[in-house]
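Student: Before we discuss any assignments, could you show me the structure, so that each label can be set against its criterion?
Tutor: Here it is.

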Amino acid sequence: MMLEIIATSLTDAIAAERSGADRLELCVALTEGGLTPSLGLVEAVVAGVNIPVHVIVRPHSRTFHYDDNDLAVMIADIRQIKRAGATGVVVGVLTEERKVNTDALSRLLEETGEMKVTFHRAFDEIEDQLEALEVIARFPQIQRILTSGGQAPAPEAAEQLKKLVDKSKDTSVLILAGNGMNPETLSSLVSATGLEEVHFGSAVRVNRSFMYPIDGAIITAIKSELEHS
C-alpha cells in the first residue's frame, strides 16, 4: 500500500517522510483546494527529502476549465517543476461541460517528460467517471487518478471507488483515494474497494486542520495499519 501525504511546507515534508509517508503531494492554499507552490518551495522540498515529490499544477481555484493564458502559466510551471527535480506533477483539466479536456491535457503532458503524472480531483466533477477513466487511461504519461469517487468524501463512496478500482485493472492507471480520508474508516474502505494507494491531508494534522502542523504519530499509525491490512 502506498501512502501519500499532502505537504505545504518543507517542515511538513520532513515530518511526513520521517513518519513513514511513501510520497508527497506538494501544494499551497489548501483552503482553496490546493494551488501551485512557489518555485522556491518546490526546490527546498525536493532537496530536503528522499521520497517522491509530486507538485500540483493549478493556477487558480475558480474552475478546472482553463483558457490559453492559464495553460501558458501551467506549462511554464511544469517546466520549472521539472527543472527543480520533482518526481511528478498533479494536474486536471476539464471542458465547460465537465468532461476531460483532452486537448488541454495533451498540451500539458507534452511538457512532463519522464515525470509521473496524477490526474487530480477535478475528476470528481465529472458525471460519468468510468467513461472518464477510459479517456484518461489513453494517455500513457498518467499513472493515477486522485478521487473520492464523486462529490462526497471517500469513506462515503466505497461503492463507486470499488467500481473505479475494478475498471482501472484493465488499464495502466491506479486509483488514489483522497478527500475525507481518516484513520477510523481506513481499513474498512481498503477492504471494500481493493485500493492500493491512499492520500491523506488534514486527518494527519493536529486538530485535523491544515491550520496546524503534521502529527507524525498519526502517519506512523496509518502506515502500520496499511502494512497489516
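**Labels and the reasons for them**

Tutor: Asp-124 is found in the loop between β5 and α5 (129-136), and what follows concerns a predicted model.

Student: What makes Asp-124 count as buried or exposed?

Tutor: Its relative accessibility is 4%, and since buried means under 20% relative accessible area, Asp-124 counts as buried.

Student: Which backbone nitrogen does the side chain of Asp-124 reach, and why is that called a polar contact?

Tutor: The side chain of Asp-124 reaches the backbone nitrogen of Ser-148 at 2.9 Å, and because a polar contact is a pair of N or O atoms within 3.5 Å, one able to donate a hydrogen and the other to accept it, this pair falls under the term. The backbone nitrogen of Gly-149 lies 3.5 Å from a polar atom of the same side chain, that of Asp-124. Leaving out residues up to four places away in sequence, Asp-124 touches Gln-129, Thr-147, Ser-148, Gly-149, Gly-150 and Gln-151.

Student: Where is Glu-197 found, and what makes it buried or exposed?

Tutor: Glu-197 is found in strand β8 (residues 197-200). With 5% relative accessibility set against a limit of under 20% for buried, Glu-197 therefore counts as buried.

Student: Which side chain is joined to that of Glu-197 by a polar contact, and which residues are linked with Glu-197 in a network of salt bridges?

Tutor: A polar contact of 3.0 Å joins the side chains of Glu-197 and Arg-23, and the network of salt bridges links Glu-4, Arg-23, Arg-144 and Glu-197. Not counting residues up to four places away in sequence, the residues that Glu-197 touches include Arg-23 and Arg-144, along with Met-1, Met-2 and Leu-174.

Student: How do you know that Arg-205 and Asp-12 meet in a salt bridge?

Tutor: Their side chains lie 2.5 Å apart, N to O, and because a salt bridge requires a side-chain nitrogen of Lys or Arg within 4 Å of a carboxyl oxygen of Asp or Glu, the pair qualifies. The pair links distant parts of the chain, with Arg-205 in the loop between β8 and α8 and Asp-12 in helix α1 (residues 10-19), 193 residues apart. Arg-205 counts as buried at 2% relative accessibility, and Asp-12 is buried too, with a relative accessible area of 5%.

Student: What are the accessibilities in the salt bridge of Arg-107 and Asp-68, and why is each residue described as it is?

Tutor: The side chains of Arg-107 and Asp-68 meet at 3.1 Å, N to O, and they link helix α4 with helix α3 across 39 residues. Asp-68 has a relative accessible area of 55%, and because exposed means over 50%, Asp-68 is called exposed. Arg-107 has 33%, a value in between the limits of 20% and 50%, so Arg-107 is partly exposed.

Student: Why does the pair of Asp-166 and Lys-169 count as a salt bridge?

Tutor: The N to O distance is 3.8 Å, and because the cut-off is 4 Å, the pair of Asp-166 and Lys-169 counts. Asp-166 is partly exposed at 33% relative accessible area, whereas Lys-169, at 61% relative accessibility, counts as exposed. By this rule the count comes to 14 salt bridges.

Student: What makes Glu-111 buried or exposed, and which side chain makes a polar contact with its own?

Tutor: Glu-111, found in the loop between α4 (102-109) and β5 (116-119), has a relative accessible area of 15%, and because the limit for buried is under 20%, Glu-111 is buried. The side chain of Glu-111 makes a polar contact with the side chain of Arg-79, at 3.0 Å. Beyond four places in sequence, Glu-111 touches Ile-75, Ile-78, Arg-79 and Lys-82.

Student: Which residues touch the most other members of the largest nonpolar core?

Tutor: Of its 68 residues, these are Ile-5, Leu-24, Leu-105, Phe-119 and Phe-200. The largest share of this core, five residues, comes from helix α3 (residues 68-83).

Technical notes
Residues numbered from 1 in each chain as written. Predicted model: local features only at pLDDT ≥ 70, side-chain atom pairs only at ≥ 80, totals over all residues. Heavy atoms only, no water. Core = buried A, V, L, I, M, F, W, Y, C linked by side-chain atoms within 4.5 Å. Buried < 20%, exposed > 50% of the residue type's maximum accessible area, 1.4 Å probe, protein only. Helix = DSSP H or I, 4+ residues; strand = E, 2+ residues; numbered from the N terminus. Contact = heavy atoms within 4.5 Å.
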